[in-house]
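User: I am new to reading structures and would like a close look at one part of this one, in plain words. Please explain each term as you go.

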Amino acid sequence: MRPRKRPAVPRLRPPYRATPLLRRARFQASSRREASSHDLRRRESRRHWWRNFGRRVRVAPRRARRGRDALRLRPRRRRAHGAAEVLDQLTHCNCRVLTDRLQFFGGIGGRREVMEDGTELRFDHGAPYFTVTNDEVAQVVGGWEARGIVAEWKAMFACFDRATGKFTDFEKEGSTKKYVGVPGMNSICKSLCSEDGVVAKFGVTVGKMDWLQDRSSWSLASLDGKDLGNFDYVVATDKNVGSPRFSGLTGRPPPLDLSLFPRLSVMVQDIPVRPCFALMVAFSEPLAMVPVHGFSFNNSDSLSWAFCDSSKPGRACVPPNRQSWVLHSTAEYASKVINHIGPRKPSVDALAKVAEELFREFQATGLSIPQPIFMKAHRWGGAFPAIAIGGDDKCVWDKSMKLAICGDFCASPSIEGAVLSAMRGASKIMGCLNCPSGL
Ligand SMILES: Cc1cc2nc3c(=O)[nH]c(=O)nc-3n(C[C@H](O)[C@H](O)[C@H](O)COP(=O)(O)OP(=O)(O)OC[C@H]3O[C@@H](n4cnc5c(N)ncnc54)[C@H](O)[C@@H]3O)c2cc1C
């Protein structure tokens, strides 16, 4: 019996588009009939594409149909480790990226603390807020603001003179726009990590970076020797990436062996830093004698700043009259403590002693500071880089080794500096990938 002839599924030519239904019908039709050599070739090429999907970075110049001329970077499983802000740029390029982070505290950045009665408290124990002066960064931050990731913190700041016990230098209202992440500073990194094509991995310290000359790629391993894979590009965001300070902290050689990269070693070797202790503290009632949301200290040996964390947008305390504050120590006080206890992670007892000392100084202001319902100190050993190594580029870039070193230590010791540096690093990589800048 002659097989019944199936109706042919029409093939459309541009400008018509095959609808999903039509595509399915075409697929069903092709799978019913015996495969022609053309079909086999097509299937093999598809299998090949999927096999390689996620394995290689290949920039495929593709003249996009329907009037869009574009260079498209197909997503790969290869990953770059780097500054969070780089992700935003690279994901515009449809590049699959993975970030590894040294620390995570119940989330990306930010600090979640649970009191003895089970109440949850959240603190911005790192940067309390940020400002923007650079136009490029302002454009990015404007986008974050429009998406509700950051908001303006309409806070009044002043200076407190420890010697006279008076507030002075009240900031003119609205003189500088202060931004905070909403509902926490970590919202920025969270949003970047949830971009399409980004795979974020936490709690993994990159312990070794080997440049494979023959493959023109990097091989990364974790601190405990696990292979993390090969990568076409690496963005390193740690100021200790090639510094002996890494050994002081971990007991291991730094990830990047700078003796192999003399050009970089001059720049990256040992970046001086200013440390800081942050004291997270919560009160059951507002500090009635403090008329501002943030203030710096004059004439204090151990305290430099105080910020009312719960006055930021999206952080209302429960119950509502509870207040949370973050105090910053002076760099001199932090250096003295770190010189005494050593560079490794401080013990719980050492942190409790720091918390006591800083809080005592807060109470000594005479601002009727009540007993706290929660108090905990955190050490930032390398809080602020004391120099910027990036020069006009705002990053360190080695094209031949496809390595970008980005971070605040390349531009300025602030979030704005870190974003700017990351944007510059990202545009170097995108230049190599022939990918138009995301900005
Ligand atoms: C107490 C304090 C107060 C501050 N106040 C302000 C302020 O008021 N305004 C302001 O603008 N800025 C402030 N800053 C500075 C601001 O936080 C930094 O400038 C900014 O976070 C730097 O960003 P970055 O991406 O360069 O580095 P980081 O934020 O340090 O990011 C580097 C990332 O790389 C990860 N990493 C490092 N090494 C490895 C490794 N080997 N393997 C895997 N992951 C690794 C780290 O875990 C980290 O997540 C403050 C900072 C501190 C600590």
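Analyst: What follows describes one helix, then its partners, and then the aromatic rings.

The model is a predicted one: local features need pLDDT of at least 70, side-chain atom pairs count only at pLDDT 80 or more, and totals for chains, interfaces and linings use all residues. Residues are numbered from 1 along each chain as its sequence is written, and side-chain values use heavy atoms, with hydrogens and water left out.

The part chosen is helix α8, residues 331-341. Helices (H or I, at least four residues) and strands (E, at least two) are DSSP runs, numbered from the N terminus. Which residues of helix α8 are buried? They are A331, Y333, A334, V337 and I338. Seen down the axis of α8, these buried residues fall within an arc of 160 degrees, so they line one face of the helix. The arc is taken from the directions that run from the helix axis to the C-beta atoms. An α-helix has 3.6 residues a turn, so residues three or four places apart point the same way. The other side of α8 carries E332, K336, N339 and H340, which are exposed. Here buried means under 20% relative accessible area, exposed means over 50%, and partly exposed lies in between (1.4 Å probe, protein chains only).

What do the buried residues of α8 pack against? Their partners are three strands, β15 (273-283), β18 (323-329) and β19 (374-385), and one helix, α9 (348-363). Contact means heavy atoms within 4.5 Å. After α8 comes G342, which has a positive phi, near 95 degrees.

The partner helix α9 leads to the aromatic rings, and these are best introduced with the total. The structure holds 23 aromatic pairs. Rings of Phe, Tyr and Trp (for Trp, the six-membered ring) pair if their centres lie within 6.5 Å; planes under 30 degrees apart count as stacked, over 60 as edge-to-face, and the rest as tilted. A pair of aromatic rings is thus described by the distance of the centres and the angle of the planes.

One pair is F130 with Y179: the ring centres are 5.5 Å apart and the planes stand at 25 degrees, so the pair is stacked. The two residues are 49 residues apart and link distant parts of the chain, with F130 in the loop between β5 (120-123) and α4 (135-146) and Y179 in strand β9 (residues 179-181). Both F130 and Y179 are buried.

A second pair, F359 with F362, has ring centres 6.5 Å apart and planes at 70 degrees, so this pair is edge-to-face. Both residues belong to helix α9, where they are 3 residues apart, about one turn of the helix. F359 counts as buried because its relative accessibility is 4%, and F362 is buried as well, with a relative accessible area of 0%. F359 and F362 also belong to one aromatic cluster, together with F160, F167, F170, F283, F295, F297 and W325.

Two other rings have a lysine over the face. K312 lies over W153, and K402 lies over Y233. For K312 the distance from the ring centre is 5.2 Å, and for K402 it is 5.2 Å. A charge sits over a ring if NZ of Lys or CZ of Arg is within 6 Å of the ring centre and within 35 degrees of the ring normal.
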